[in-house]
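Trainee: I would like a close look at one topic, the salt bridges, and at the parts of the chain that they join. Please give me one connected account, and explain each term as you come to it.

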Amino acid sequence: MGRFNYSTNAKTDIEDRALAHLQIVIGNKLKRGEPFFFTWREDLSMDDGRRAVWIHSDSKLSFTYRGSRAPTINRAWLGKLARLADATSGLYLVSEPPDDHRAEAAADVI
């Protein structure tokens with residue numbers, strides 16, 4: 001279980017694999033100078049609310065991973081997250097879809 005930290009007062013725990021995908025999407029948006037909202041559900045101890053932060057080039061972000069190995073990246077998930085980040089609703093974590101590229105590679109082997 002990793003952690004996303006925004007500035008000094010907002011943080012949330014996110015599974016390492018999902019966090020790696022979010023890091024790529026957030027990094028790509030910031031490289032292009034495209035600010036956006038990132039929203040997540042708060043922990044049950046925080047009344048199960050939501051938090052949204054405005055991500056921009058001056059944001060102080062950190063991604064902390066608990067595991068030592070980098071996960072494989074699912075291009076379909078990156079695409080889905082990137083489309084959300086581009087939408088007016090902003091980025092939020094969604095479930096991982098099947099990786100179309102893995103399915104294509106498996107079909108080539110058969």
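Mentor: A salt bridge, as the word is used here, is a side-chain nitrogen of Lys or Arg within 4 Å of a carboxyl oxygen of Asp or Glu. Before we count them, please keep in mind that this is a predicted model, in which local features need pLDDT of at least 70 and side-chain atom pairs count only at pLDDT 80 or more, while totals for chains, interfaces and linings use all residues. Residues are numbered from 1 along each chain as its sequence is written, and side-chain values use heavy atoms, with hydrogens and water left out.

By that definition the structure holds five salt bridges, and a good place to begin is Lys-29, a residue of helix 1, where helices (H or I, at least four residues) and strands (E, at least two) are DSSP runs numbered from the N terminus. Lys-29 is buried, with a relative accessible area of 5%; buried means under 20% relative accessible area, exposed over 50% and partly exposed in between, using a 1.4 Å probe and protein chains only. If we set aside its neighbours within four places in sequence, Lys-29 is in contact (heavy atoms within 4.5 Å) with Glu-34, Phe-36, Ala-85 and Asp-86.

Two of these contacts are also salt bridge partners of Lys-29, namely Glu-34 and Asp-86. With Glu-34, which counts as partly exposed at 27% relative accessibility, the closest N and O atoms are 3.0 Å apart. With Asp-86 the closest N and O atoms are 2.7 Å apart, and this pair links distant parts of the chain, since Lys-29 sits in helix 1 and Asp-86 in helix 2, 57 residues apart. Asp-86 itself is exposed, with a relative accessible area of 51%. Taken together, salt bridges that share partners join Lys-29, Arg-32, Glu-34 and Asp-86 into one network.

Helix 2 deserves a moment of its own, because its twelve residues (75-86), at 1.5 Å a residue, should span 16 Å, and its end C-alpha atoms are indeed 16 Å apart; the expected span is 1.5 Å times one less than the number of residues. Within this helix, Ala-76, Trp-77, Leu-78, Leu-81, Leu-84 and Ala-85 are buried. At the N-terminal end of helix 2, Asn-74 acts as a cap, with a side-chain oxygen 2.8 Å from the backbone nitrogen of Ala-76.

A further salt bridge starts from helix 1, and here Arg-17 pairs with Glu-96, the closest N and O atoms being 2.6 Å apart. Glu-96 lies in the loop between strand 6 (91-92) and helix 3 (100-109), whereas Arg-17 belongs to helix 1, so the pair ties together parts that are 79 residues apart in sequence. The two partners differ in burial, for Arg-17 is buried at a relative accessible area of 16%, while Glu-96 is partly exposed at 33%.

To see what surrounds helix 1, turn to the open sheet of three strands whose order is 2-1-5 and whose pairing is antiparallel; two strands pair if DSSP finds at least two bridges between them. Its edge strands are strand 2 (10-14) and strand 5 (61-64), each of which pairs on one side only. Strand 1 (residues 2-6) pairs with strand 2 in the antiparallel sense over five bridges, and one bridge partner in strand 2 is Thr-12, which matches Phe-4. Helix 1 (residues 16-31) packs on this sheet, touching strand 1, strand 2 and strand 5, and its direction makes about 155 degrees with that of strand 5; such angles run from 0 to 180 degrees between N-to-C directions, with axes as lines fitted to C-alpha atoms, for helices over the stretch in contact. Strand 1 and strand 5, which run antiparallel, are joined by four bridges. Tyr-6 has a bridge partner in each neighbouring strand, Ala-10 in strand 2 and Leu-61 in strand 5. Four of the five residues of strand 1 are buried, so this strand is largely enclosed by the rest of the structure.

Strand 6, which we met beside the loop of Glu-96, takes part in another open sheet of three strands, with the order 4-3-6 and mixed pairing. In that sheet, strand 4 (50-55) and strand 6 are the edge strands. Strand 3 (residues 36-41) and strand 6 run parallel and are joined by two bridges, and Thr-39 has Tyr-92 as its bridge partner in strand 6.

Conventions. Polar contact = N/O pair within 3.5 Å; in protein donor to acceptor, adjacent residues only side chain to side chain.
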